[in-house]
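Trainee: I have a protein model open and do not know how to read it. Could we go through some of its features one by one?

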Amino acid sequence: MIVLKSAEEIGFMSVACELTGRILEELPEIIKPGVSTQEIDRWIEAYIRKNDMKSAFKGYGGFPATACISVNEEVIHGIPSKKRILREGDIVSVDMGTIYKDYNSDAARTYPVGEISKENQKLISVAEESFFEGIKFARKGYRIGDISHAIQTYVEDNGFSVIRDYVGHGVGRKLHEDPQIPNYGKANHGPQLVPGMTLAIEPMIAAGDYDVEVLDNDWTVVTIDGSMTAHYENTVLITTGDPKILTCSSRQK
């Protein structure tokens, strides 16, 4: 069942989303060669606590950390570790959310670690741009499939592949709500968009094949061929006009 949000509920979500967006905007100051993924996670946790909110991820389904921090071929659900040290040329995805008055936010970015290759920079840029191609259709009267098709078309036209096994989703009082939002599919298919829907739209793309597997830790998803991946996500509100991106105040590169 798709849950439409009231003005009060959207207000609660907006508070959580603003904090999440601010954290992601400041993360480049922290993400450097030599830093562990655990250090990044602890910085995020401290930031959330300082603002009297809670992590949407820590403990969710048993997840042990505040943020999912995934490096290179890790698509999503990377578990932060003091042993995972970032190196020059890596790319790292940070997926996180916060909770305010029981309402969730959810967003992700992929960042360069120092100087990275042109191919990896293109991968990051295409993941981001595909999100903005998709939300051209995040408007009253369009369908979920219109968003999905736009994302897939842009990614594949740029020579990359779209992860099939994991998708975007509704978000609100629960971190994962209906509807599911694939990053691939046919236009004019799926549930129709109406004002009050809040959606976590999140292209996940790979430089190689889209087939993935889950590591022995039962969380971290990696590409089977070892190809690099990128992830870009925002919580988006469907309105009577343009969609409202709740987790960023500006287009964050």
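Mentor: Start with one residue, and keep in mind that this is a predicted model. P112 is part of strand β7, which covers residues 107–112.

Trainee: Is P112 buried or exposed, or in between?

Mentor: The relative accessible area of P112 is 32%, so it counts as partly exposed. The cut-offs are under 20% for buried and over 50% for exposed.

Trainee: Which residues does P112 touch, apart from its neighbours in sequence?

Mentor: Setting aside residues within four places in sequence, P112 is in contact with I31, D90, I91 and I124. Sequence separation is another thing to read: P112 and K140 are 28 residues apart along the chain, and their C-alpha atoms are 35 Å apart.

Trainee: Where is V92, and how far is it in space from V71?

Mentor: V92 sits in strand β4. Its C-alpha atom is 4.4 Å from that of V71, with their positions 21 residues apart in sequence. V71 is also among the residues that V92 touches beyond four places in sequence; the full set is I31, I69, S70, V71, L86, R109, T110, Y111 and V113. V92 has a relative accessible area of 0%, so it is buried.

Trainee: I31 has come up twice.

Mentor: Yes. I31 is in contact with P112, and V92 touches I31 as well.

Trainee: What does N234 contact, and is it buried or exposed?

Mentor: N234 belongs to strand β16, residues 234–237. Its relative accessibility is 0%, which means that N234 counts as buried. Outside the four places on either side in sequence, its contacts are D106, A107, R109, F131, L199, A200, I201, I245, T247 and C248. R109 is also touched by V92. The C-alpha atoms of N234 and G21 are 8.5 Å apart, although 213 residues separate the two along the chain.

Trainee: Next, helices. How is a pair of them described?

Mentor: Two packed helices are described by the angle between their axes and the distance between the axes. Here, helix α1 (residues 7–26) packs with helix α2 (residues 37–50) at about 145°, and the axes are 11 Å apart. The crossing is right-handed.

Trainee: Which residues make the contact between α1 and α2?

Mentor: On α1 they are L19, R22, I23 and E26; on α2 they are W43, I44, Y47 and I48. By class, this contact has six nonpolar and two charged residues, and no polar ones.

Trainee: At what angle do α3 and α4 cross?

Mentor: Helix α3 (residues 118–134) and helix α4 (residues 144–157) cross at roughly 145°, and their axes come within 8 Å. This crossing is right-handed too. V126, E129, S130, E133 and G134 of α3 meet I147, A150, I151, Y154 and V155 of α4. The classes here are six nonpolar, two polar and two charged residues.

Trainee: How does one find a pocket?

Mentor: Rolling a probe the size of a water molecule over the atoms shows where empty space is left. In this model the largest pocket holds about 310 Å³. It is lined by 16 residues, and those closest to its centre are I76, H77, D95, H169 and H176. The lining has ten nonpolar, three polar and three charged residues.

Trainee: What is the phi of H77, and where does H77 lie?

Mentor: Its phi is positive, about 65°, although H77 is not a glycine. H77 lies in the loop between β3 (74–76) and β4 (91–96). With a relative accessibility of 22%, H77 counts as partly exposed.

Trainee: What about D218?

Mentor: D218 is not a glycine either, and its phi is positive, near 70°. It is found in the loop between β13 (212–214) and β14 (221–223). D218 counts as exposed because its relative accessibility is 64%.

Trainee: What kind of peptide bond joins D178 and P179?

Mentor: A cis peptide bond, with omega about 0°. P179 is in strand β10, residues 177–181.

Trainee: One last residue: where is H189, and what does it touch?

Mentor: H189 is in the loop between β10 and β11 (198–201). Not counting residues up to four places away in sequence, H189 touches R143, I144 and G145. The C-alpha atoms of H189 and R143 are 6.0 Å apart, at a separation of 46 residues along the chain. H189 is partly exposed, with a relative accessible area of 45%.

Methods: Residues are numbered from 1 along each chain as its sequence is written. This is a predicted model: local features need pLDDT of at least 70, side-chain atom pairs count only at pLDDT 80 or more; totals for chains, interfaces and linings use all residues. Side-chain values use heavy atoms; hydrogens and water are left out. On a 1 Å grid over the protein atoms alone, a cavity is a set of points where a 1.4 Å probe fits but cannot get out, and a pocket is an open set with protein on both sides within 12 Å along at least five of seven lines; lining residues have an atom within 4 Å of a point. Grid points are joined across faces, edges and corners, and a volume is the space filled by probe spheres set on the points. Ala, Val, Leu, Ile, Met, Phe, Trp, Tyr, Cys and Pro count as nonpolar, Asp, Glu, Lys and Arg as charged, and the others, Gly among them, as polar. Axes are lines fitted to C-alpha atoms, for helices over the stretch in contact, and angles run from 0 to 180 degrees between N-to-C directions. Helices (H or I, at least four residues) and strands (E, at least two) are DSSP runs, numbered from the N terminus. A crossing is left-handed if the near helix is turned anticlockwise from the far one by less than a right angle, and right-handed if clockwise. Contact means heavy atoms within 4.5 Å. Buried means under 20% relative accessible area, exposed over 50%, partly exposed in between (1.4 Å probe, protein chains only).
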